[in-house]
Amino acid sequence: FFGIKGRDINNLAFVNRLNLYTKSQYTMTHIRFSDAEMAKLAEAAQNSTNLVNTEVLAMNLVNGRVPDGKGNFVQGNPDLEKARSLMHDADYHHNKAKIMQPINDFFKLLNARTQGAVDMADSNARRWQLIESISGGIALALFFAVMYAIFDNITASMRRSTSARRA
């Protein structure tokens, strides 16, 4: 946590988050997450980015780097008290909890979509089971009809043969 220095903190966090987000976003789009699900994840990512920015600020303050007002950090005096306060105040903990709400909403959407797919597959399975049962019944009825026809043909042939001998 405190072993990483100023600029390295910014670059490392940004590059890792960008690579992870880009790869994850591609994968989620590729496996067809819905727009609503992607929106919830984007909201969580934005909330997370805000939290990471607070953490980066705190780490830079520990290393004596202060914001210059232009989005960069310049060398200054370490401010451990302000860094501690950023990491332990009510806003920080509220923002941590705020990240989880869209993730929970995402899982609700995902579970609903998954349950819908399971219900549809179950309905299809029951329909095919019914079709299979009806087809099996028809096949069995046809089998017995053919067997009866063959048996009837054989017995009729035997009766004709027997009546031809008697005559």
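In what order do the elements of the protein chain run from the N terminus on?

1. **Overall layout.** This is a predicted model. From the N terminus on, the order is α-α-β-β-α-α. That makes 4 helices and 2 strands in the protein chain. The two strands therefore sit between helix 2 and helix 3 in the order of elements.

2. **Burial and surface.** The protein chain has 167 residues, and 20% of them count as buried. Its accessible surface comes to about 12500 Å². Carbon and sulfur atoms hold 61% of that surface.

3. **Contact range.** Take the contacts in the protein chain with a separation of 6 or more. Residues 24 or more positions apart account for 60% of them. The helix pairs below show where some of the contacts between elements fall.

4. **Helix 2 against helix 4: geometry.** Helix 2 covers residues 35-62, and helix 4 covers residues 90-166. The two pack at an angle of about 165°. Their axes are 9 Å apart. Angles over 145 degrees count as roughly antiparallel, so helix 2 and helix 4 are roughly antiparallel to each other. Their crossing is left-handed.

5. **Helix 2 against helix 4: residues.** Which residues of helix 2 meet helix 4? On the helix 2 side they are Ala36, Glu37, Lys40, Leu41, Glu43, Ala44, Asn47, Ser48, Leu51, Thr54 and Glu55. On the helix 4 side they are Tyr92, Asn95, Lys96, Lys98, Ile99, Pro102, Ile103, Asp105, Phe106, Leu109, Leu110 and Arg113. By class, this contact of helix 2 with helix 4 has 11 nonpolar, 4 polar and 8 charged residues.

6. **Asn47, a polar residue in that contact.** Asn47 lies in helix 2. Is Asn47 buried or exposed? Its relative accessibility is 9%. The cut-off for buried is under 20%, so Asn47 counts as buried. Leaving aside neighbours within four places in sequence, Asn47 is in contact with Lys98, Ile99 and Pro102. These three partners are among the helix 4 residues that meet helix 2.

7. **Helix 2 against helix 3: geometry.** Helix 3 covers residues 80-88. Helix 2 and helix 3 pack at an angle of about 160°, and their axes are 8 Å apart. This pair is therefore roughly antiparallel. The crossing of helix 2 and helix 3 is left-handed.

8. **Helix 2 against helix 3: residues.** Helix 2 brings Thr54, Glu55, Leu57, Ala58, Leu61 and Val62 to the contact. Helix 3 brings Leu80, Lys82, Ala83, Leu86 and Met87. The residues divide into 8 nonpolar, 1 polar and 2 charged. Thr54 and Glu55 meet helix 3 here, and Thr54 and Glu55 also meet helix 4.

9. **Ala83.** Ala83 is found in helix 3. Which residues does Ala83 touch, not counting those up to four places away in sequence? They are Ala58, Leu61 and Val62. All three belong to the helix 2 side of the contact with helix 3. At 4% relative accessibility, Ala83 counts as buried. Ala83 and Asn63 are 20 residues apart along the chain, and their C-alpha atoms are separated by 9.9 Å.

10. **Helix 3 against helix 4.** How do these two helices lie relative to each other: roughly parallel, roughly antiparallel, roughly perpendicular or oblique? Helix 3 and helix 4 pack at an angle of about 40°, with their axes 5 Å apart. Angles under 35 degrees count as roughly parallel, and 65 to 115 as roughly perpendicular. Helix 3 and helix 4 are therefore oblique to each other. Leu86, Met87 and His88 in helix 3 meet Ala90, Tyr92 and His93 in helix 4. By class, that contact has 4 nonpolar, 2 polar and no charged residues.

11. **Phe73.** Phe73 is placed in strand 2, which covers residues 73-75. Its relative accessible area is 16%. Buried means under 20%, so Phe73 is buried. The C-alpha atoms of Phe73 and Leu61 are separated by 9.3 Å, and these two residues are 12 residues apart along the chain. Leu61 is one of the helix 2 residues that meet helix 3.

Definitions and conventions. Residues numbered from 1 in each chain as written. Predicted model: local features only at pLDDT ≥ 70, side-chain atom pairs only at ≥ 80, totals over all residues. Heavy atoms only, no water. Buried < 20%, exposed > 50% of the residue type's maximum accessible area, 1.4 Å probe, protein only. Contact = heavy atoms within 4.5 Å. Areas by Shrake-Rupley, 256 points an atom, 1.4 Å probe, with all protein chains shown as cover. Axes fitted to C-alpha atoms, helices over the stretch in contact; angles between N-to-C directions. Left-handed = near helix turned anticlockwise from the far one by under 90°. Nonpolar A, V, L, I, M, F, W, Y, C, P; charged D, E, K, R; others polar.
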